[in-house]
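Open your viewer, switch to a cartoon view and keep the selection box at hand. We will go stop by stop, and at each one I will tell you what to pick.

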Amino acid sequence: MWSSSRYSEVEIYIYIYIYIYIIFLIFIFLVERSAYHLMEMEREDSKSREDLDSVPYSKKQKGIDIEGYPIEGLSIGGQETCIIFPSLKIAFDIGRCPQRAISQEFLFISHGHMDHIGGLPMYVATRGLYSMRPPTIIVPRAIKEHVEKLFEVHRAMDQSELKHNLIGLNVGEEFQLRKDLKVRAFKTYHVIPSQGYVVYSVRHKLKQEYIGLSGNEIKGLKLSGVEITYTVTFPEIAFTGDTMSDFIADPDNVDALRARILVMESTFVDNAMTVENARDYGHTHLSEIVNYADKFENKAILLIHFSARYQADEIQSAVSSLPPPLSGRVFALTEENWGDLPSSVDDSEDMVVYGVLRDAVSVGWILSHSEESPNSSSISSGSVFSDSTVVTVK
């Protein structure tokens with residue numbers, strides 16, 4: 001390529017340097033363009049959420065906000081269920097693995113029916129594809145071995161690692177998700193082994209006798225081994241998965257009934273299907289929820305998993321007709337609900353650096369704007385459970 005008769009050695013080095021420099025400039029251009037696009041998406045998201053906060057609940061077209069928690073997902077009986085709490089980075093069940101579920105770090109599986117677990121391999125594989133940290137997946141201990149075999153089959157087929165942390169929990173067992181967050185499994189009543197989950201906030205508060213001491217005095221006590229704090233836990237989110245109404249009467253499930261938000265199934269809502277029909281399939285009828293109304297201490301109840309036989313207006317009509325003490329605090333997930341962040345990842349050239357930039361944005365690298373990313377993977381301790389963030393749904 002380089003003829004010594006035409007170019008001197010110095011000229012050859014100069015041309016090589018220029019060639020490398022041009023490649024470097026192209027790479028920088030692609031990175032900056034991708035970073036700019038991400039920044040714009042973050043800004044649009046922030047603006048959209050501010051706009052949504054000023055709009056009544058009934059007019060919000062994307063996502064739901066209940067008791068200060070954005071909620072996304074979809075749930076249709078027999079087709080797919082996936083409920084996401086993006087501010088906590090958690091998802092319940094994984095149906096067909098909707099794109100928005102992929103960015104959630106914790107996944108809770110209620111039972112092994114395909115419309116609740118079918119997207120599990122895709123969820124793990126896609127997180128690996130975009131160089132995300134291996135997710136933590138919690139399943140009923142009764143099906144853990146089967147889930148392990150499922151991953152073994154997929155590893156054998158596509159030769160991928162499918163890295164993840166699989167945890168099997170029995171009813172009543174707990175798992176610490178983060179310093180400020182833990183989960184406990186509770187008993188549900190379906191036609192196959194199943195369980196629900198209660199997610200608790202965990203706070204460490206200074207003991208009464210040490211309030212008023214100086215920082216140095218408190219530090220000295222702590223260094224001397226004195227336990228200066230006590231732990232306060234509160235049930236924030238409860239999720240049932242598929243179940244008969246029997247879980248409501250179970251005395252061991254009181255925390256599910258006093259969680260700030262209860263996400264529960266209500267497969268049937270009219271008289272065309274009886275309570276007996278619902279129980280035959282291991283499900284709950286809306287009339288049973290009415291009969292147990294006095295047992296629900298939740299601030300809000302989100303009903304999911306409606307039969308595909310119903311239209312959205314039929315479901316909303318049934319829910320809006322609920323009597324006190326349920327009226328005003330029961331809501332229905334009747335369609336796909338996603339927030340305003342991009343719900344899919346495209347395959348353009350820019351996505352070569354997408355994974356790196358996404359992680360970088362989450363920890364504050366590159367982008368130096370002051371707005372906090374709502375899709376950040378890190379949440380400061382206690383911030384997601386601030387009482388001041390409670391929003392009343394109208």
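Start by selecting G78, in the hairpin of β2 and β3: with 3 residues between the strands, G78 takes a positive phi near 80 degrees. Keep in mind as you look that this is a predicted model.

Now widen the selection to the two strands on either side of that turn. Strand β3 covers residues 80–85 and runs antiparallel to β2, with 5 bridges joining the pair. To check the register, pick L74 and look across to β3, where C82 stands opposite.

Next, move to the other neighbour of β2. Strand β1, residues 64–66, is also antiparallel to β2, and 3 bridges join them. Here D65 is the residue to click, as it stands opposite P70 in β2. β1 and β2 form a hairpin too, with 2 residues between them, and E67 in that turn has a positive phi of about 50 degrees.

Stay on β2 and colour residues 69–76 by accessibility. How many of the 8 residues of strand β2 are buried? The count is 7, so the strand is largely enclosed by the rest of the structure. If you show side chains along a strand, one rule helps with reading them: in a regular strand they alternate between the two faces of the sheet.

While β2 is still highlighted, add E72 and R100 as sticks. They form a salt bridge, and the closest N and O atoms are 3.2 Å apart. R100 sits in the loop between β4 (90–92) and β5 (106–108), while E72 belongs to strand β2, so the pair ties together parts that are 28 residues apart in sequence. Are these two partners buried or exposed? R100 is buried, and E72 is buried as well.

Zoom out for the whole sheet. It is an open one made of 7 strands, in the order β1-β2-β3-β4-β5-β6-β7, and its pairing is mixed. The edge strands are β1 and β7, each of which pairs on one side only. Tilt the view and you can follow the twist, which averages 25 degrees from one strand to the next.

For a parallel pairing, go to β6 and β7. Strand β6 spans residues 136–140, and it pairs with β7 in the parallel sense over 5 bridges. Click I138 and then I167 in β7, its bridge partner. Then bring in helix α4, which lies across β6 and β7 and runs at about 130 degrees to β6.

That helix leads to another salt bridge. Select R141 and E173, whose closest N and O atoms are 3.1 Å apart. This pair links distant parts of the chain: R141 is in helix α4 (residues 141–158) and E173 is in the loop between β7 (165–169) and β8 (174–178), 32 residues apart. E173 has a relative accessible area of 29%, so it is partly exposed. R141, at 39% relative accessibility, counts as partly exposed too.

For the next stop, select R178 and D180. They form a salt bridge as well, with the closest N and O atoms 3.1 Å apart, and both residues are buried. Then jump to D246, R279 and E288, which salt bridges that share partners join into one network.

How many salt bridges are there to find in total? The count comes to 12, including the R100 pair with E72 that you have already visited.

How values were computed. Residues numbered from 1 in each chain as written. Predicted model: local features only at pLDDT ≥ 70, side-chain atom pairs only at ≥ 80, totals over all residues. Heavy atoms only, no water. Buried < 20%, exposed > 50% of the residue type's maximum accessible area, 1.4 Å probe, protein only. Helix = DSSP H or I, 4+ residues; strand = E, 2+ residues; numbered from the N terminus. Pairing = 2+ DSSP bridges. Salt bridge = Lys/Arg side-chain N within 4 Å of Asp/Glu carboxyl O. Axes fitted to C-alpha atoms, helices over the stretch in contact; angles between N-to-C directions. Contact = heavy atoms within 4.5 Å.
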